[in-house]
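Biologist: I've got this fold open on my screen and keep tripping over the labels. Can you walk me through them?

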Amino acid sequence: MTGRSPDSTRVVGVRDRRYTIRFPFAADAELIEVDAGQQSVGVTSDISLGGCFICTSKPLPVNSRARLRLSRKGQILDALVVVRIVKPRVGMGIEFFDLEPPNDEVLAAWIDYLRHNR
């Protein structure tokens with residue numbers, strides 16, 4: 001026995017900070033960084049009320065603020081977001097920063113649909 005408590009080897013990461021359930025979800029994503037104007041495109045792999053993961057080969061830097069446009073089946077969601085995690089050559093996890101009507105209603109409808117159609 002090593003004398004360690006069960007929690008002593010635990011690594012705190014993004015999964016530990018999530019506060020809403022994520023659902024598998026595919027939508028086209030376009031981002032434009034607010035400060036530098038850098039652009040990134042990709043496809044979401046999951047979504048929640050708090051954010052989503054975007055698969056892209058060219059993620060924006062961590063803590064970047066960006067304008068995000070998600071589009072799926074003719075519906076569009078525009079939001080200000082913050083990049084919270086980057087996985088090189090995989091993508092980035094983003095947090096929704098500012099969602100105003102009707103974008104908050106689009107997100108709520110997507111999540112409601114996903115909750116009831118798992």
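Modeller: Sure, let's take a few residues in turn, bearing in mind that this is a predicted model.

Biologist: Why is Thr44 called buried?
Modeller: Its relative accessibility is 4%, and buried means under 20%, so Thr44 gets that label.

Biologist: What makes the link between the side chain of Thr44 and Phe25 a polar contact?
Modeller: The Thr44 side chain reaches the backbone oxygen of Phe25 at 2.8 Å, and the limit is 3.5 Å, so the pair counts. A polar atom of that Thr44 side chain also lies 2.8 Å from the backbone nitrogen of Ala27. Thr44 itself is in strand E3.

Biologist: Why are Arg22 and Asp46 called a salt bridge?
Modeller: Their side chains meet at 3.1 Å, N to O, and the cut-off is 4 Å, so they qualify. Arg22 lies in the loop between helix H1 and strand E1, and Asp46 in strand E3, so the pair ties together parts 24 residues apart in sequence.

Biologist: Is Asp46 buried or exposed?
Modeller: Buried, since its relative accessible area is 17% and the bar is under 20%. Arg22, at 23%, counts as partly exposed.

Biologist: How do you know that Arg69 and Asp78 form a salt bridge?
Modeller: Their closest N and O atoms are 2.7 Å apart, which is within 4 Å. Asp78 also offers its backbone nitrogen to the side chain of Asn103, at 2.8 Å.

Biologist: And why is Asn103 called buried?
Modeller: Its relative accessibility is 14%, under the 20% cut-off, so Asn103 is buried. That residue is found in helix H2.

Definitions and conventions: Residues numbered from 1 in each chain as written. Predicted model: local features only at pLDDT ≥ 70, side-chain atom pairs only at ≥ 80, totals over all residues. Heavy atoms only, no water. Helix = DSSP H or I, 4+ residues; strand = E, 2+ residues; numbered from the N terminus. Buried < 20%, exposed > 50% of the residue type's maximum accessible area, 1.4 Å probe, protein only. Polar contact = N/O pair within 3.5 Å; in protein donor to acceptor, adjacent residues only side chain to side chain.
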